[in-house]
Amino acid sequence: MLPIYDQKSRIKLVVLAGALLIAAATVIYTNILVGRLSEREQQQIDLYAKAQRYIISTEEETNLVFVQEQIIDANTTIPIIFTDDQGNIQGTKNIDLPKGMSEEASIKFLRERIEKMKAQHPPIVVEYAAGLRNYIYYQDSVLLTQLRYYPLVQLAIIACLGVIAYFAFSYSRRAEQNRVWVGLAKETAHQLGTPLSSLMAWHTYLKESERFRDEPIVEELGKDVRRLEIITERFSNIGSVPVLKDENILQVTQNAIAYLQSRVSKKVVFKIETSLPTHTPAKLNIPLFDWVIENICKNAIDAMDGRGSITIHLRRPARNKSQVAIDITDTGKGISKSKIDRVFLPGYTTKKRGWGLGLALAKRIIENYHQGRLFVKWSELGKGTTFRIILNGE
């Protein structure tokens, strides 16, 4: 069975691919515009150079006025620096020098500007009579520069909007999941309340009856009634903030396994090992923690087809000695590497029957309510799996 959110993951990929296509089309189109505008500015500078040559070489005053006004003065955007063949600066256009700058500093500033202009475009040579030459250095106008960086700014904005949308979607999805979890848990606790009250009354009646005095079945019935009370309490705790207490982690684990062991196949062997001092505490809520152990062990029993061993080892994790690690290892079928990241997703199951909520619920209890971690530490097909629970210590 596929995880319930697989389809939404595909939709997100489609949306991402669409956004990338739009961004790519925008960049390509903008680059085309930049190329055309750059060619136009190149033509404008060539015309500007020809106009300069014409003004120097002609004596017709009428034409000079037309060229000066319509061509040379018309350039109000492209920065230009004139030099002679010795590199001496003869004039500038569309370049604003910083106020209060000395003549020496101004020349230095303009020479540095010339180097930047050379990096963008080769200078235009203006030849006059008698072999004289002037050079026109220029660079892209402010408009063209802005247009060059426009796609990058647009991509950054799209990326920011994408990140915001992703987190908004994720938050919305988590909120929806939380409402489903809480609603389901509260309704389950409510539904269990009525039959549980009746069972408690029947157990009291049987326990006080002379007919059933010393009957083992009455004691076992009492254990199951208490178990139902614990289950009801578990569901009631979902959606509320559970109380975490310093509990003896070894004792709590032993109690959880003892109850489970008497109700599963005798072909399943449970082992509890510890590298911790006997009375090592961990911060936990016993009903919820028992639920996690139960879900992981039942999942392991299914993976072993009801035959094999489950080993629980208590230890200190290598990275944080103030925490407690509980490793639960089974001898089941194992999990393929491609599926390890999916086993905690709601709805994921390899069984023909089942909702695929056990491990998802266990992870939620450990990470949301105990501020700990639950993950697959090791798994190999045909050999087994180890789940690790990390809880905060004292």
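Me: How many residues has the largest nonpolar core, and which of them have the most contacts inside it?

Reply: The largest nonpolar core has 47 residues, and those with the most contacts inside it are I249, F270, I310, I326, I328, I389 and L391. This is a predicted model, in which local features need pLDDT of at least 70, side-chain atom pairs count only at pLDDT 80 or more, and totals for chains, interfaces and linings use all residues. Residues are numbered from 1 along each chain as its sequence is written, and side-chain values use heavy atoms, with hydrogens and water left out.

Me: Why is such a set of residues called a nonpolar core?

Reply: The term applies to a set of buried Ala, Val, Leu, Ile, Met, Phe, Trp, Tyr and Cys residues joined through side-chain atoms within 4.5 Å. Helix α7 (residues 286-303) gives the most to the largest core, with 9 residues. Another core, of 11 residues, lies apart from it and has Y48, F82, Y128 and I136 among its members.

Me: What makes a stretch such as α7 a helix, and what makes another stretch a strand?

Reply: Both are DSSP runs, numbered from the N terminus: a helix is a run of H or I with at least four residues, and a strand is a run of E with at least two.

Me: Why is A300 called buried?

Reply: Buried means under 20% relative accessible area, exposed means over 50%, and partly exposed lies in between (1.4 Å probe, protein chains only). A300, which belongs to helix α7, has a relative accessible area of 3% and is therefore buried.

Me: Which residues does A300 touch, leaving out those up to four places away in sequence?

Reply: A300 touches I310 and D330, contact being heavy atoms within 4.5 Å. The C-alpha atom of A300 is also separated by 9.5 Å from that of T386, although these positions lie 86 residues apart along the chain. With neighbours within four places set aside, F270 is in contact with I257, L260, Q261, V264, C297, I301, I310 and I312.

Me: How do you know that β8 and β9 pair, and in which sense do they run?

Reply: Two strands pair if DSSP finds at least two bridges between them. Strand β8 (residues 308-315) and strand β9 (residues 323-330) have 6 bridges and pair in the antiparallel sense. One bridge partner of this kind is T329 in β9, set against T311.

Me: What is the order of the open sheet of 5 strands, and which are its edge strands?

Reply: The order is β6-β8-β9-β11-β10, with mixed pairing. β6 (268-274) and β10 (373-380) are the edge strands, as each pairs on one side only. From one strand to the next, the twist averages 15°. Helix α7 packs on this sheet, touching β6, β8, β9, β10 and β11 (384-392), and its direction makes about 170° with that of β11. Such angles run from 0 to 180 degrees between N-to-C directions, and the axes are lines fitted to C-alpha atoms, for helices over the stretch in contact. Helix α8 (residues 358-369) also packs on the sheet, touching β10 and β11, with its direction at about 135° to that of β10.

Me: What makes up the open sheet of 4 strands?

Reply: Its order is β2-β1-β4-β3, and the pairing is antiparallel. The edge strands are β2 (89-93) and β3, each pairing on one side only. Strand β1 (residues 80-84) is joined to β4 (residues 133-138) over 5 bridges, and I80 stands opposite Y138. Strand β3 (residues 124-127) is joined to β4 by 4 bridges, with E127 partnered by R133.

Me: How do you know whether the span of α3 agrees with the expected one?

Reply: The expected span of a helix is 1.5 Å times one less than its number of residues. For the 18 residues of α3 this gives 26 Å, and the end C-alpha atoms are 26 Å apart, so the two agree. Helix α3 (residues 103-120) lies across β1, β2 and β4, running at about 105° to β1.

Me: Why can the buried residues of α3 be said to line one face?

Reply: These residues are S106, L110, R113, I114 and M117. Their arc, taken from the directions from the helix axis to the C-beta atoms, is 115°, so they line one face of α3. They pack against β1, β2 and β4, whereas the face turned away carries the exposed residues E104, K108, K116 and A119.
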